[in-house]
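Me: I would like to learn how to read the features of a model, one at a time. Can we go through one together?

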Amino acid sequence: MVNLNTIPPKNNRDFYIAIGLEGSANKLGVGIVKHPLLPKHANSDLSYDCGAEMLSNIRDTYMTPPGEGFLPRDTARHHRNWCVRLIKQAMAEAGIKDPTLDVDVICFTRGPGMGAPLHSVVIAARTCSLLWDVPLVGVNHCIGHIEMGREITKAQNPVVLYVSGGNTQVIAYSEKRYRIFGETLDIAIGNCLDRFARTLKIPNEPSPGYNIEQLAKKAPHKDSLVELPYTVKGMDLSMSGILASVDLLAKDLFKCNKKNKILFDKKTGEQKVTVEDLCYSLQENLFAMLVEITERAMAHVNSNQVLIVGGVGCNVRLQEMMAQMCKDRANGQIHATDNRFCIDNGVMIAQAGLLEYRMGGIVKDFSETIVTQKFRTDEVYAAWRD
Amino acid sequence: MTLPVALYSAPDGVEKNFIPTPDDPRYLTTEGRTTGPSDHVLNAGQIDRDKPSDPKYTADGSQLTYLSQLRTQLTGLQDDINEFLTRRMELAKNKKKAGAEEKRIQEEINQLLDGGDGEEDAD
């Protein structure tokens, strides 16, 4: 049993308020979350049911032209120039007038992520902390996703599939840590989809992965998949070879290379595969690999719940495939959130940071706020879990 | 107001103080010369919607607000630091290049003096 009420709320209030600042990639998020102080949290294992209220959840995404990714320097500039405006907007929406009196803790993403954007946001967090005299808590980005997913879906102890532009991990909780059961050996699934979107030169708005999903829905030849490498290695996966393979096919398609027998009919030279078919086959192939390792992790830990988090978790086809697998297992349940909480956001950092704060974990010296590009999920001691 | 200052020191003994000159136009803007979008994204057709907000003036319009003064002076200071560090990096790069060239010539001379005819790898 854990006591989530170790630190009382500020000024004898009966609730906590946390601000979360997220900026590990191209999304800048500011979120404000409120937890009521409840006696049941004093001796329980209820970190998935805090009664959290999202007072504001504002996000601004750094956008680049079609065919371009986001560079660290320009992404950091975006965060630097928007951070104050977003914090002001979030506070106005949440009705916070005096943060010195009203805010219990400022939570920021300490890693993993891109160094320069992380750095822009932590400077804002440190400044607010000094300005308002409010303590800081550094949050692991992956833990933010997990805790937000648990709070929203009320999944008590799920196997977590964390799929985003920078991460692909299958995670399960054991002995005060979120343990990584399987992960990518090279690039993340979102990175694979984004880079293919760049090859296709499709827009980055609202997100490259979303646009691939929409193209895949329109595939005319769903009954015959284009063969791509299937690279599950034990509990891990590899996706760089799949990307190279599908990239090559797309380039041959654009060049109208009739020698390519996968794309064009050997005898008539007629086109057999469209761009939409490539998007569909890529998705099916990648998602099948994810479903396979997730199912194996569920068997390992004897769980029947799956929680999908991260930006790629919004993909409806992935949710469908995972739901099918869960249905085939006895009483399996799938939990997913919508794009407000799936895609990187500030409230998830506030949620995980507030759990840590309520257990007494705050930054004691600014040297502890140094951000880090490499910060594995299992490095975090989850004091708030039993 | 007190001016913001920056102090640079390096293990090779180089030290430099950066102090803004409040009336110089480079310390009166929030758009720095070195803090804009990179050339790469501009060439790719990026429209810059991430500019910093303009500095604000006091109600009577006579001068910049305290925070805006700080922002503009820091923008100029950041430019000074970036330009100084870029120069330092270029110097270091040129030194390294010159060193590599010197090493290559020396190796060639040594080889000739040793009677090498450049065919030792032929087998």
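Me: How many residues does helix α2 of chain B have, and how far does α2(B) reach from its first C-alpha to its last?

Reply: A note before the answer: this is a predicted model. A helix length can be checked against the rise of 1.5 Å a residue. Helix α2(B), residues 66-113, has 48 residues and reaches 70 Å between its end C-alpha atoms, close to the 70 Å expected.

Me: Which residues of α2(B) are buried, and what do they pack against?

Reply: The general idea concerns the helix repeat. An α-helix has 3.6 residues a turn, so residues three or four places apart point the same way. In α2(B), the buried residues are Q69(B), T72(B), Q73(B), T75(B), G76(B), L77(B) and D80(B). The buried residues of α2(B) pack against two strands of chain B, β1 (6-9) and β2 (15-18). Just after α2(B), G115(B) has a positive phi of about 85°.

Me: What does the length check give for α8(A)?

Reply: Its 27 residues should span 39 Å at 1.5 Å a residue, and the end C-alpha atoms of α8(A) are 39 Å apart, which agrees. Just after α8(A), N302(A) takes a positive phi, about 55°.

Me: How should I read a nonpolar core, and which residues touch the most other members of the largest one?

Reply: Look at its members, then at the elements and domains that supply them. The largest nonpolar core has 116 residues, and A18(A), I106(A), C107(A) and F108(A) touch the most other members. Helix α8 of chain A (residues 275-301) gives the most to this core, eleven residues. Domain 1 and domain 2 of chain A both give residues to this core, so it lies between them. As for I106(A), its contacts beyond four places in sequence are I19(A), A125(A), C128(A), S129(A), V134(A) and L136(A).

Me: Where are the bounds of the domains of chain A, and how many residues of each take part in the contact?

Reply: A domain need not be one stretch of sequence, as this assignment shows: domain 1 is 10-150 + 343-379, and domain 2 is 157-341. Their C-alpha centres lie 29 Å apart. The contact takes 21 residues from domain 1 of chain A and 28 residues from domain 2 of chain A. On the domain 1 side, α4(A) has the largest share, seven residues. By class, that side divides into nine nonpolar, nine polar and three charged residues.

Me: And between chains, how many residues of chain A are in contact with chain B?

Reply: Ten residues of chain A are in contact with eleven residues of chain B. The chain A side has three nonpolar, three polar and four charged residues.

Me: Where does UniProt place the feature "binding site"?

Reply: The record, an unreviewed entry, places it at H141(A), H145(A), Y162(A) and D344(A). For such a list, compare spread in sequence with spread in space. These positions are spread over 204 residues of sequence, yet they cluster in space, with a largest C-alpha distance of 11.8 Å.

Me: Why do H141(A) and H145(A) count as buried?

Reply: The cut-off is 20 or more other C-beta atoms within 10 Å. H141(A) counts as buried because it has 27 C-beta neighbours inside 10 Å, and H145(A) is buried with 34. H141(A) is found in helix α4 (residues 141-153) of chain A, and H145(A) is in helix α4 of chain A as well. Beyond four places in sequence, H141(A) is in contact with S24(A), T109(A), G111(A), P112(A) and G113(A). With the same exclusion, H145(A) touches Y162(A), V309(A), G310(A) and M348(A).

Me: What kind of peptide bond joins G111(A) and P112(A)?

Reply: Omega tells you. The bond is cis, with omega about -10°, and P112(A) lies in the loop between β4 (105-111) and α3 (115-132) of chain A. The bond from E205(A) to P206(A) is also cis, with omega near -5°. P206(A) is in the loop between α5 and α6 of chain A.

Me: Is E175(A) buried or exposed?

Reply: E175(A) is exposed, with 7 other C-beta atoms within 10 Å. Its phi is near 50°, a positive value in a residue other than glycine. E175(A) is in the loop between β7 (168-174) and β8 (177-183) of chain A.

Conventions:
Residues are numbered from 1 along each chain as its sequence is written. Chains are lettered from A and ligands numbered from 1 in the order in which they are written. This is a predicted model: local features need pLDDT of at least 70, side-chain atom pairs count only at pLDDT 80 or more; totals for chains, interfaces and linings use all residues. A nonpolar core is a set of buried Ala, Val, Leu, Ile, Met, Phe, Trp, Tyr and Cys residues joined through C-beta atoms within 7 Å. A residue is buried if 20 or more other C-beta atoms lie within 10 Å of its own, exposed if 12 or fewer, and partly exposed in between; C-beta atoms are placed from the backbone. Helices (H or I, at least four residues) and strands (E, at least two) are DSSP runs, numbered from the N terminus. Domain bounds come from an automatic or database domain assignment. Two residues are in contact if their C-beta atoms, placed from the backbone, lie within 7 Å. Ala, Val, Leu, Ile, Met, Phe, Trp, Tyr, Cys and Pro count as nonpolar, Asp, Glu, Lys and Arg as charged, and the others, Gly among them, as polar. UniProt positions are given in the numbering used here, feature names are shortened, and annotations may be inferred rather than shown by experiment. The expected span of a helix is 1.5 Å times one less than its number of residues.
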